[in-house]
Amino acid sequence: MSETWIEVDLDAIVGNYQEVIKHLCPGARCMAVVKADAYGLGAIEVARALERAGCEAFAVTRVEEGLILREQGIRGLILVLGPTSKEEWPKAISAELQLTISSLSSITELDEIYSEMALNPELNPEIQRQVLVHLKLETGMGRTGFQHTEMEALAIALANASHVQVAGIYTHFARAAQRDRRYSLGQYERFLFLTARLEELGICPTWKHVCNSAAFLDYPQWHHDFVRIGTLLIGHYPGQGFGQKLTLRDPWVAKSRIVHLRTVPKGTDVGYQSIYRTKTLTQLAVLPVGYADGFGLAPHFVPQGWVDFLKIVTKNFVALFGIFLGQERVELKGRRVRVVGKIGMQLTVIDVGMQDCVLGDEVRIPLRRTVANPRIPRRYSQAGQMLSERTMKEGVLPANTEYSFQ
Ligand SMILES: *Cc1c(COP(=O)(O)O)cnc(C)c1O
């Protein structure tokens, strides 16, 4: 029995999905982005719940993530967004995953691999007639995608690859979550220009898609055939300034139990480097969670202007004097309680004051979804019922996945 766990409310995720589709332009569909284990919530459970709610398309970064979804019964379109390697293609083709293509050489190679597979009926007799791919265009993310100089060569490569069919064409915005719209407008213009050029060259993909969560909210005229939504489904806005355009619910609560409780006198030093000293007679409680679980970790923060910069400097400056601004807080019986001292690898101390509490009391903890250790059990509920619990022994899906359905 784990003393730290995460509760995931699948109804909230489905509700968020329904909010998204309410705001779609006619003709557009929602592709649920469930990469990185659905941002830590659990790709299989989230995709299953969404597929039951009518979602027809999913996206992941890697082939292995897509294979797991297929093995677990997801029937919809599965697009692999990231770069893939030749070794993975036969499995991806057999599982009817759609691959993202962003280099010329991979078109010829993919065509060859498909031909070999098609010649061997034992490999997969029901193999799809062509491999469906999505072309990724580089418009300003500086990561992957075809450049404008490659359009002619791309058309030639595709014309020579009879087994490769272009199902989609897309690009990804670098600054859609920021208020300055010029960069996104520039990216979109380049996208339109490149797709028009390809059409002139005879490449007419079935679907176009450009929007992530932020662009979906800000640019309804860009919804095209799919919007690729991750952040909104897990109940978050992609940044500040999006108002309350949708009614979102947070499906995620991380909890831990008090596993040690002690009343200590004023002046007690706490944790590594003794950065905290109690100011009065108080109770210190220990929670079995730490940075190895992802607790207290935040992504590297790049200041977005001078105000941000001053905040960071001030925070670090006052820390010199033992004042920790922005220290994590947890919630015990509806009251906010401070984390004190340095967060340990697997243990954290909170100062609960003289509040009534006992060993075993539940505490809600702020745990970032994408860095929460996969080994922390996820407990899924739907329609008010506890559905299943997933415990991952080695942090690898699916061989080590244990399900216990009730
Ligand atoms: C992650 C990702 C998305 C989803 O972005 P959100 O802002 O989380 O909705 C869409 N497209 C691509 C290519 C991605 O990598």
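Buried means under 20% relative accessible area, exposed means over 50%, and partly exposed lies in between (1.4 Å probe, protein chains only). The model is predicted: local features need pLDDT of at least 70, side-chain atom pairs count only at pLDDT 80 or more, and totals for chains, interfaces and linings use all residues. Residues are numbered from 1 along each chain as its sequence is written, and side-chain values use heavy atoms, with hydrogens and water left out.

**Exercise 1. Classify Gln 273 and Ser 274 by accessibility, and describe their backbone and place.**

Step 1. Gln 273 has a relative accessible area of 63% and is therefore exposed. Ser 274, at 38%, is partly exposed.

Step 2. Helices (H or I, at least four residues) and strands (E, at least two) are DSSP runs, numbered from the N terminus. Gln 273 sits in the loop between strand 12 (269–270) and strand 13 (276–277), and Ser 274 is in the loop between strand 12 and strand 13.

Step 3. The phi of Gln 273 is near 65°, a positive value in a residue other than glycine. Ser 274 is not a glycine either, and has a positive phi of about 45°.

**Exercise 2. Describe the overall make-up of the protein and its domains.**

Step 1. The secondary structure comes to 10 helices and 21 strands. Of the 406 residues, 48% are buried.

Step 2. Taken along the principal axes, the C-alpha atoms fill a box of roughly 80 × 50 × 40 Å.

Step 3. The domain assignment, whose bounds come from an automatic or database source, gives domain 1 (9–234) and domain 2 (260–359). Their C-alpha centres lie 42 Å apart.

Step 4. UniProt, in an unreviewed entry, lists residues 251–381 as "domain: Alanine racemase C-terminal". UniProt positions are in the numbering used here, feature names are shortened, and annotations may be inferred rather than shown by experiment. The span 251–381 is 11% helix and 34% strand, and its end C-alpha atoms lie 10 Å apart.

**Exercise 3. Locate the residues annotated "binding site" in UniProt.**

Step 1. The annotation, from an unreviewed entry, covers Arg 143 and Met 345. These are spread over 203 residues of sequence and also in space, up to 33.8 Å between C-alpha atoms.

Step 2. Arg 143 lies in the loop between strand 6 (131–136) and helix 7 (151–159). Its relative accessibility is 58%, so Arg 143 counts as exposed.

**Exercise 4. Find the largest cavity and classify its lining.**

Step 1. A cavity is a set of points on a 1 Å grid over the protein atoms alone where a 1.4 Å probe fits but cannot get out; lining residues have an atom within 4 Å of a point. Grid points are joined across faces, edges and corners, and the volume is the space filled by probe spheres set on the points.

Step 2. The whole structure holds one cavity of 30 Å³ or more. The largest cavity has a volume of about 30 Å³.

Step 3. Its lining consists of Val 33, Val 34, Ala 38, Tyr 39, Val 46, Gly 230, Leu 233 and Ile 234.

Step 4. Ala, Val, Leu, Ile, Met, Phe, Trp, Tyr, Cys and Pro count as nonpolar, Asp, Glu, Lys and Arg as charged, and the others, Gly among them, as polar. The lining divides into seven nonpolar, one polar and no charged.

**Exercise 5. Count the disulfides and describe Cys 25.**

Step 1. With a disulfide taken as a pair of cysteine sulfur atoms within 2.5 Å, the count is zero.

Step 2. Cys 25 is in no disulfide; the nearest cysteine sulfur, that of Cys 211, is 8.8 Å away.

Step 3. Cys 25 has a relative accessible area of 26% and is partly exposed, whereas Cys 204, at 56%, is exposed.

Notes:
1 Å grid on protein atoms, 1.4 Å probe; cavity = no way out; pocket = protein on both sides within 12 Å on 5 of 7 lines; lining within 4 Å.
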